[in-house]
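Open the model in your viewer and follow the stops below. Each one says what to select and what to look for.

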There are 2 protein chains.
Amino acid sequence: MKASQFFIATLKEAPADAEVISHQLMMRAGMIKRLSAGIYNYMPMGLRVIRKVEAIIREEMVRSGAVELLMPLVQPAELWQESGRFQAYGPELLRLKDRHDRDFVVQPTSEEVITDIARQELRSYRQLPKNFFHIQTKFRDERRPRFGVMRGREFTMKDAYSFDRDKDGAAKSYDIMFAAYKRIFDRFGLQYRAVAADTGAIGGDLSHEFQVIADTGEDAIVYCPTSDYAANVELAEGIALGTRAAPGEAMVKTPTPGKSTCADVAALLGLPLQRTVKSLVLATDQLNEAGDVIKTTVWLLLVRGDHDLNEVKTGKVEGLKQGWRFATASEIEDHFGCKPGYLGPVSTKKPVKVIADRTVAAMSDFICGANQADFHITGVNWGRDLPEPDLVADIRNVVAGDPSPDGKGVLAIQRGIEVGHVFYLGTKYSKSMNANYLDENGKPQPMEMGCYGIGVTRILGAAIEQNHDERGIVWPAAIAPFAVVVCPIGYDRSAEVRAAADQLHETLGAAGIDVMLDDRGERPGAMFADWELIGAPLRVVISDRGLKAGTVEVQGRREAQASTVALAEAAALVKERLGA
Amino acid sequence: MKASQFFIATLKEAPADAEVISHQLMMRAGMIKRLSAGIYNYMPMGLRVIRKVEAIIREEMVRSGAVELLMPLVQPAELWQESGRFQAYGPELLRLKDRHDRDFVVQPTSEEVITDIARQELRSYRQLPKNFFHIQTKFRDERRPRFGVMRGREFTMKDAYSFDRDKDGAAKSYDIMFAAYKRIFDRFGLQYRAVAADTGAIGGDLSHEFQVIADTGEDAIVYCPTSDYAANVELAEGIALGTRAAPGEAMVKTPTPGKSTCADVAALLGLPLQRTVKSLVLATDQLNEAGDVIKTTVWLLLVRGDHDLNEVKTGKVEGLKQGWRFATASEIEDHFGCKPGYLGPVSTKKPVKVIADRTVAAMSDFICGANQADFHITGVNWGRDLPEPDLVADIRNVVAGDPSPDGKGVLAIQRGIEVGHVFYLGTKYSKSMNANYLDENGKPQPMEMGCYGIGVTRILGAAIEQNHDERGIVWPAAIAPFAVVVCPIGYDRSAEVRAAADQLHETLGAAGIDVMLDDRGERPGAMFADWELIGAPLRVVISDRGLKAGTVEVQGRREAQASTVALAEAAALVKERLGA
């Protein structure tokens, strides 16, 4: 490809609304162009990356046995009503009416349509397992679209759906997809982690997010550097830190005027924060059939002073599964006789249910609020000073340094950007939509489903968040818009340079290498800056001066120095460097 | 590809709503699956054809210098308001509101968005010409979607848009696209014609439709078998048939009771239909600023009795360009003193403007209505019996046998399906949306535009309408879902058959041939019927009986007999047959 037959449009400055580096660089490199909030034109340079990402995904999906089809964008509301999502999905679902006033949606995903296909096409156990995928435009009407392709409204996604006879089959399909995703992300050339994720209402452990590692990522990834444990922070299991020692101190009420946080109390008392216990008050409401509250229970949740409550885990605790809320100020006053900041489990005004985090249950001689303004108590011990907690549960976020739940080391935490998700769906859709197959006995059974997504356009943003420097993007070669750029200096005035550049362009192209020849005749500085911004992995500079010595310069995007090589060997070196 | 890793779902019967053969066969072959009226799932078998069509289009577009990008599906109404199309486009434009109640459309085409891109990105004459294309889902909310992918609501289209400095440049861009389209349709392996089409308000001759020839086509294509003249019937020029002879008969009023059509009159009088003249009465209204009619003009249009009025051409006649309508019964009575069926140009009750078709103006001794119920007059002659017509114009549809307008033969007519259109847009969008570039003198000039569409999914329907038989589809090899299918008989029970089939599958696959191995273990009859329905261009049958003699059978989809060839030579024969 020659630049004159392509469209290169770099910008010196990113628009003001580009908050994150990937958005700024994609705009500056001319990869995307904003049409409306969260809706982008994919310009030629960006589309090349998208196509490469799609091609890798498609190859590995097919290799795994999945079959490609294409489901429509505009989908009839009837199916979404069958699954219940037409009502349940929030305003992110773009609903519309056709000319006959019938309801439709623009698909955010295609569970309903694929289930509709499956219930018509997959009638017998002999046809299972089956995995269908498509790569298609999606729309989610985000309230506040931002970060370019990272949180857009219109985006491209690969979504796959597996159908199996039973749970064992579904687990096998899941494993096959998991392996395919690893191959896909390996081929992208990105640093990533597959982290265990919450399965929500379904339960089980068949949910993994594929996270691209980036300091700017929104998600915290918990992993063990000495084992293969990895989970997102919502799921990562917190182990009790230490075991409970025998009481060593007497319980003492201590004035802590104005010190309402654990950190302030620890500082005032000159004790480690790890000796304190944080109190959080929740409430659950029991309703009658009319929806009126007939009973409210107040819960006191305790985590160590340096720990944070994990709301996802909290929702899984017995008694809180049906839904919980933070208690109101008056409920707290009513049960503790005290305002927040000085609460604790010792001698509450009215009975509350106490849930201690595993680590809190293992503490002794700890410090907590005295249920009296401006007072805390020290030397508190379970059993001696207060009853054992009603429940002990894992309700905190893990922190770096925690023991790994697999017992094989300690946990570390890094930031990631979620770009893929494999998920066991169970029979949620097959039951609500009557997607049954006939088993060996001719008996109808609901199909067990899994769904598997990759955010195609989001990959671009994540790749850039991970791979950039002050000059621009640094694409991995597999998904770069061009693997190598030939930059001739004086293409428009030196016949020797032109001949050498044309020849190298042709040689590399014939070898199947995705080569760009910048024949625009730009000055070297501007030309190099463009390709550093765009992020071509490899650059070959051809100049009259070099040609006099029979050489050209080859330089990797991350390299500080170019290698000087004989013109005749340049193609071979490029191929070698690209592993082609 | 093996059938067990793919999805084959043929049907014995097409659904009742499938009216045309392509729709029936696509449903039966499992290529599409209806989701809603005019909205289809593209099933794996159909998607393969779509991808091949897209790949050919993409290659030739890039070869022609066009640059691919991707514009969004959901587009803000503001741009459509700028161009005026938000109001002007009928209910086929799918309009919707986002969660913030802002207006959007689902794109039926992308003139507005590409013009918006161009006015921002193409600032200088140095950047022109430029041609951008994308292959994207489109939506047109057809009132009555039907014929499967031939007139769907959601469909895939390639649309390209060229930008030039001036009209000469636009004509060059047009020619380049015209040539690219010819390469594309040649590669599809379809019989087609590029026919001149009407340019509507823009004028000029830069509009061609690419029509796939099919007896079932909706459009009439006029062409000259002995020259390269081709036009659609709206545009094809009608030449005067004959030249006017001197009067030979006296004008005579003849009773023709109850004979109100030219055919009936000719039969009654025992004269050729070509001697009669048909009268059609139109009206034009002149309005004042308030929109009230201040003057109505009545027009009498005359075509030969065996000819039909062409309404598109009629709209181009001086005096009718601003819009015309058929006259009302009372206007006719008022001007002719007579009801339709017996009207004519001789002695009208009130003056009317007479427009004669070129052929009518060349007639003598003709027959027309007498402006008296149940009477016609014969032996009518221009100049002698009535004044020369006010206007002579080409206002009829041409018919087979007419002289070709290029003087190189006579016209023939065949049916076609429009699947592509190249069109010179001029400055319609660039002027309404202020898409200017700066010329050499730094002066802003509107860009000259062209647009170029191919209905990707429609190609499938058109190809099938052209290529099918009583057993199913007959795909051209270039766009067949699989170029060759290997059909082993007894794959599940004969080790020899299995080994030979696997080997051939592997050999052909390694040679880059798109081969399908049907490893389902179906009975031969069912297996063959499936692939004849699906339309694989070439079939290789491997059986124990053949292998005993060391042979397999190779048969083209249109061939009545298979060729028996040595197993060792099968791959070479397949390659040769496919031209690979």
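Which residue of chain B comes closest to the rotation axis? Select B:Leu96: its C-alpha lies 2.8 Å from the axis, and no other residue of chain B comes closer. Keep in mind throughout that this is a predicted model.

**Stop 1: the axis**

Show chain A and chain B together. A turn of 180° with a shift of 0.0 Å along the axis lays chain B on chain A, with an RMSD of 0.1 Å. The two chains are therefore related by a two-fold axis. Both copies use the same surface: 100% of the contact residues of chain B recur in chain A.

**Stop 2: the interface**

Now select the residues in contact. Chain B gives 58 residues and chain A gives 58 residues. The size of an interface is often given as the accessible area lost when the parts come together. Here the area buried between chain B and chain A is about 4,700 Å². Carbon and sulfur atoms give 62% of that area.

Next, look for charged partners. How many salt bridges cross the interface of chain B and chain A? There are 6. Pick one of them: B:Arg153 pairs with A:Asp98, and their closest N and O atoms are 2.9 Å apart. Between chain B and chain A, 20 residue pairs are in polar contact, with both residues at pLDDT 80 or more.

Colour the side of chain B that touches chain A by element. Elements giving two or more residues to it include the helices α2 (44-63) and α5 (111-121) of chain B. Among the strands are β1 (32-36), β5 (94-97) and β7 (130-139) of chain B. Then recolour by residue class: this side of chain B has 30 nonpolar, 10 polar and 18 charged residues.

**Stop 3: a salt bridge within chain A**

Over all chains the count is 92 salt bridges. Select A:Arg187 and A:Glu60, which form one of them, with the closest N and O atoms 2.8 Å apart. A:Arg187 sits in helix α6 (residues 167-188) of chain A, and A:Glu60 in helix α2 (residues 44-63) of chain A. The pair links distant parts of the chain, 127 residues apart.

**Stop 4: an aromatic pair**

The structure holds 26 aromatic pairs over all chains. Select A:Phe366 and A:Trp382. Why is this pair tilted? Its planes stand at 50°, so the pair counts as tilted, and the ring centres are 5.6 Å apart. A:Phe366 belongs to strand β18 (residues 366-372) of chain A. A:Trp382 lies in the loop between β19 (375-380) and β20 (391-393) of chain A, 16 residues apart from A:Phe366.

Key:
Residues are numbered from 1 along each chain as its sequence is written. Chains are lettered from A and ligands numbered from 1 in the order in which they are written. This is a predicted model: local features need pLDDT of at least 70, side-chain atom pairs count only at pLDDT 80 or more; totals for chains, interfaces and linings use all residues. Side-chain values use heavy atoms; hydrogens and water are left out. Contact means heavy atoms within 4.5 Å. Buried area is the accessible area (1.4 Å probe) that two parts lose on being put together, summed over both. A salt bridge is a side-chain nitrogen of Lys or Arg within 4 Å of a carboxyl oxygen of Asp or Glu. A polar contact is a pair of N or O atoms within 3.5 Å; within protein, one must be able to donate a hydrogen and the other to accept it, and residues adjacent in sequence count only if both atoms are side-chain atoms. Helices (H or I, at least four residues) and strands (E, at least two) are DSSP runs, numbered from the N terminus. Ala, Val, Leu, Ile, Met, Phe, Trp, Tyr, Cys and Pro count as nonpolar, Asp, Glu, Lys and Arg as charged, and the others, Gly among them, as polar. Copies are superposed by least squares on the C-alpha atoms of residues with pLDDT of at least 70 in both. Rings of Phe, Tyr and Trp (its six-membered ring) pair if their centres lie within 6.5 Å; planes under 30 degrees apart count as stacked, over 60 as edge-to-face and the rest as tilted.
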